[in-house]
Amino acid sequence: MRAFVTAARTRSLAEASAQLHISQPALSVAIRNLESATGGPLFNRDSRQLALTPEGREFLDRAEQLLRTWDQSLDAIQQRFRLQRGQLSLAVIPAFAFNRLPDLLARFHSLHPEINILLEDIVMERVLEAVLEGRVELGISFRPDDLAGLEFVPCSGDRFIAVLPPGHPLARRKSLHWADLATEPFIAMNRGSAVRRRTDLAFEHSGKTVRLLCEANQLSSIGQLVNGGLGVSAVPSLCESQMRDCGLKCLPLSEPVVAQQVGVLLRSRGDISAPAQAFLELVTGGPREQPPSSAQPGERK
């Protein structure tokens, strides 16, 4: 089609072939192939000059319109692959959104300033839903217990730490056991959350019954309640800088050590966009890899 339009506008096979950087025989073959597809001649071959037939003149405007649409569409998709346009959609747990995400998004934006960023700052359970339902391409969360329909790409490790009010007697120690926290009023995450399940299991493993004072829906709320002297708590180390900014003492916890992974979630079937791939590589420090045969279902190592 481009051969036809160029030849029609230049009225010269020699000039058209020069513009298209192909030989005249190749140009002639391209035009004959188009005429075969349309069902009849587009050029009057009885004329001394390269002239269009009536059908050729009618088809020329449509051919030029089709080429403009093609060029615009090709340019648009090339811009997306070059990360000059597009959208990055994320669902992120609040702990990561508060403590790690601002720096990552600043770096991503400096590299790809034309990419629009859509962010949902939501609890872990809703992060999983957002990715599974396709509302976002990527989620950032602790590794869920159930990866059905999801792929998890780890980016860092995490372990639970104790957080205590400044001046608390236990704050003078270098580390604590979960049994130590069981002797104090404990501020927990809400029931049903992943953090609450892990703290409940840790106290069960320690053989002690927790003295539950109250529950909160956000880790930031726990920090404020502990800072107010209401009790102690245990939170992921991802929140350590946030808790220290609240003036709290943060100590390692053991017996048991409750460790978990932080990573990126995506649907296990289907590709991701170029912006999502670029952000995934920024977070994990490398390209997305195919899982080795020994990997657990739904997990990238």
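1. Glu64 is buried, with a relative accessible area of 18%; the cut-off for buried is under 20%. The model is a predicted one. The side chain of Glu64 meets that of Arg9 in a salt bridge, with 2.6 Å from N to O. This pair links distant parts of the chain, since Glu64 sits in helix H4 and Arg9 in helix H1 (residues 2-10), 55 residues apart.

2. Helix H4 spans residues 54-81 and also contains Trp70. On the surface, Trp70 joins Leu74, Ile77 and Phe81 in a nonpolar patch. Together these four residues have about 430 Å² of accessible area.

3. The count of salt bridges comes to 10. One of them is formed by Arg107 and Asp103, whose closest N and O atoms are 3.7 Å apart. Both residues lie in helix H6, four residues apart, which is about one turn of the helix. An α-helix has 3.6 residues a turn, so residues three or four places apart point the same way. Arg107 counts as partly exposed at 39% relative accessibility, and Asp103 is partly exposed with a relative accessible area of 47%.

4. Helix H11 (residues 240-245) holds another pair with a spacing of four residues, Arg244 and Glu240. They form a salt bridge in which the closest N and O atoms are 2.7 Å apart. Arg244, at 42% relative accessibility, counts as partly exposed; Glu240 counts as partly exposed at 27%.

5. Which residues are linked in a network of salt bridges? They are Arg191, Arg196, Asp200 and Glu215.

6. The aromatic side chains come next. Six aromatic pairs are found in the structure. Trp178 and Phe203 make one that is edge-to-face, at 5.2 Å centre to centre and with 85° between the planes. Trp178 belongs to helix H8 (residues 178-181) and Phe203 to helix H9 (residues 194-206), so this pair ties together parts that are 25 residues apart in sequence. Trp178 is buried, with a relative accessible area of 0%. Phe203 counts as buried too, at 4% relative accessibility.

7. Phe203 also forms an edge-to-face pair with Phe186, at 5.0 Å centre to centre and with 85° between the planes. Phe186 is in strand S8 (residues 185-189) and Phe203 in helix H9, so the pair ties together parts that are 17 residues apart in sequence. At 2% relative accessibility, Phe186 counts as buried. Phe160, Trp178, Phe186 and Phe203 form one aromatic cluster.

8. Helix H12 covers residues 274-284. Which of its residues are buried? The list is Pro275, Ala276, Ala278, Phe279, Leu280, Leu282 and Val283. Several elements take part in covering these buried residues, and among the strands are S3 (87-92), S5 (138-142), S6 (150-164) and S12 (259-267). Helix H6 (101-111) is also included in the cover; the salt bridge between Arg107 and Asp103 described in point 3 lies in H6 as well. Just after H12, Gly285 takes a positive phi of about 80°.

Technical notes: Residues are numbered from 1 along each chain as its sequence is written. This is a predicted model: local features need pLDDT of at least 70, side-chain atom pairs count only at pLDDT 80 or more; totals for chains, interfaces and linings use all residues. Side-chain values use heavy atoms; hydrogens and water are left out. Buried means under 20% relative accessible area, exposed over 50%, partly exposed in between (1.4 Å probe, protein chains only). Helices (H or I, at least four residues) and strands (E, at least two) are DSSP runs, numbered from the N terminus. Contact means heavy atoms within 4.5 Å. Patches are made of residues with over 30% relative accessible area and no salt bridge: like charges are joined within 9 Å, nonpolar side chains (Val, Leu, Ile, Met, Phe, Trp, Tyr) within 5 Å. Accessible areas come from the Shrake-Rupley method with a 1.4 Å probe; for residues, only the protein chains shown count as cover. Rings of Phe, Tyr and Trp (its six-membered ring) pair if their centres lie within 6.5 Å; planes under 30 degrees apart count as stacked, over 60 as edge-to-face and the rest as tilted.
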